[in-house]
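Here are some short exercises to work through at your own pace. Have a look at the model first, then try each task before you read its solution.

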Amino acid sequence: MANEPTTLAETTSLCPACLERVPGTYEDRGDGVHLTRTCPDHGTTSRQVWGSRDHWEWADAFGPDFSTDTDEVDLTVENDHACLAVVEVTSDCNLSCSYCFASSGPGGKHRPTAEIVELLETVRSEGGPRPIQFSGGEPTVRADLPDLVERAREMGFEHVQVNTNGLKLATVDGYAGRLAAAGVTAVYLQFDGLRPETYEAIREVDIAAEKREAIAACRDANLPVVLVPTVVPGTNDDEMGDIVRFGLENADVVQSINFQPVAHFGRYAESEGRFPLDEVARRLAAQVDALDPRDLLPIPCCSSYCQLATALKPDDDGGATALTTFIDDDTFDSLSGLVDEGDWMELLANTTAGKERACSAAGCCGGMDLPAGAADLFDQVLPVSITGFMDADAADVERLDNCCISVPTPDGDLVPFCGYNMTTEDGDYALRNRHDWGGRPAVEAPELADLDVDDPPAADGGEGETVPEEGD
Ligand code: SF4
Ligand code: SF4
């Protein structure tokens, strides 16, 4: 007979069927940690959220103590806690992937430029300029994307990423240079692996060669690339080690890698086939000699269960060393709750802020001394992270309250990225709709909800034309 579940913690969760708040309980059910909740209308749901109780408790010890009063949570991101803001500029795309947060595809519409500028104003006014990411849909299908980047830079945004599938970078001569000249500081490149069949399964088309061409174009344009693999169980989870080795081999242009295990957002109807974050860490560690699963540490900014990260220093013999080996408990405690995700990665990567000691650069604490032996290693490292985006199965209001990745809304708020994208089992973006956050209301809805499709193209080029399909 199966053991009775052991209660580990209580929280406020959301019903996966309607996304209404309900009490939630984290339980050890013998095969890892489950989040169990009962909705008065939709009954009891229990979903595995962490593969190992031991790892769950280990990770919890790293997390900042935000002491959330979940009755008070208003589902906005605090001004001083929003590390990155994601700005959707279109629902159009030149692909129609099997897995897509935004449920985008050909035929989507562009957001009017004036509205995008308002969203940027929201980001700027809510705590000042911070790293932003133009997203979609596929932002590069807008002919005026370089203009939007220039506009953002003029508004004081120093870090402007473009989230892209890379097709236009690969196929349009000089496009990477145009983005770099406009002020893009990094390309956030969809990069699921090296095998053609991986792309056929996840993106519906073999674009493996185009990914390499996009990276080559970025190299020529001196435009840093973040590799962003969506990790799908049984499809490309065995490619994670090869992706890391590819990143190390191309570290002159690859700035970091952010693995994103697939979650139940947008166009992804299956109820099974998702990874707990710690399981991804274990699989990655099994494929990379330098890594132990616990070299991937929770980022001391959002919840322990949002992101695990390390940084790899290439060795002369083709291997690598995980720098988190040198972050001891005292060092981590001094960081916990005081630095944001960007500072953490910069600390590890020894970029400009890291060289000045991330904490003092951020002004959030008095700085820190690195452990002996670590300082010399902060050159030419490859940060590697895994983000466990929180879908309705894993919905935890405390995690949403501590989110550090925000989406600006037409109402002038910054809201948690996972909340903005969270979909019910029926494909409704229920939180988005309930709170008037804008955007597409349902997975199958054809347009951005707040877009006036009759609005003519703006005189300043706001309605960029759609480039032809490039994936075939
Ligand atoms: S995942 Fe990206 S490339 Fe694929 S359909 Fe969605 S927006 Fe387009
Ligand atoms: S976006 Fe999601 S996974 Fe990332 S910090 Fe926010 S709540 Fe956590």
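**Exercise 1.** Find which residues come nearest to ligand 2 in this predicted model, and which elements give two or more residues to its shell.

*Solution.* Start with the neighbours: 15 residues lie around ligand 2, and those that come nearest are Cys302, Cys306, Cys403, Phe417 and Cys418. Next, look at the elements: helix H14 (397–401) and helix H15 (417–421) each give two or more residues to this shell. Finally, sort the shell by class: there are 11 nonpolar, three polar and one charged residues.

**Exercise 2.** Now do the same for ligand 1: how many residues surround it, and how do they divide by class?

*Solution.* Ligand 1 is surrounded by 13 residues, and the closest are Cys93, Cys97, Cys100, Ser104 and Asn165. Sorting this shell gives five nonpolar, seven polar and one charged residue.

**Exercise 3.** Decide whether strand E7 (residues 160–164) is enclosed or open, and explain why.

*Solution.* Count first: five of the five residues of E7 are buried, so the strand is largely enclosed by the rest of the structure. Then check each face. Val160, Val162 and Thr164 are buried on one side, while Gln161 and Asn163 are buried on the other, so both faces are covered.

**Exercise 4.** Work out which strands pair with E7, and in which sense.

*Solution.* Take one partner at a time. Strand E6 (residues 132–135) runs parallel to E7 and is joined to it by three bridges; here isoleucine 132 stands opposite valine 160. Strand E8 (residues 186–190) also pairs with E7 in the parallel sense, over four bridges, and valine 187 in E8 is the bridge partner of valine 162. To finish, follow the chain from E6 through helix H3 (residues 145–154) to E7: together they make a right-handed β-α-β unit.

**Exercise 5.** Say where leucine 323 is found, and whether it is buried or exposed.

*Solution.* Locate it first: leucine 323 is in the loop between strand E14 (320–322) and helix H10 (329–335). Now count its surroundings: 24 other C-beta atoms lie within 10 Å. The cut-off for buried is 20 or more, so leucine 323 is buried. One last step is to compare sequence with space: leucine 312 is 11 residues away in sequence, and the C-alpha to C-alpha distance is 6.1 Å.

**Exercise 6.** Step back and describe the whole protein: how many helices and strands does it have?

*Solution.* The protein has 16 helices and 17 strands. Of its 472 residues, 52% count as buried.

Note on methods:
Residues are numbered from 1 along each chain as its sequence is written. Chains are lettered from A and ligands numbered from 1 in the order in which they are written. This is a predicted model: local features need pLDDT of at least 70, side-chain atom pairs count only at pLDDT 80 or more; totals for chains, interfaces and linings use all residues. A residue is near a molecule or strand if its C-beta atom, placed from the backbone, lies within 6 Å of it. Ala, Val, Leu, Ile, Met, Phe, Trp, Tyr, Cys and Pro count as nonpolar, Asp, Glu, Lys and Arg as charged, and the others, Gly among them, as polar. A residue is buried if 20 or more other C-beta atoms lie within 10 Å of its own, exposed if 12 or fewer, and partly exposed in between; C-beta atoms are placed from the backbone. Two strands pair if DSSP finds at least two bridges between them. A crossover is right-handed if, with the strands pointing away from the viewer, the path from the first strand over the helix to the second runs clockwise.
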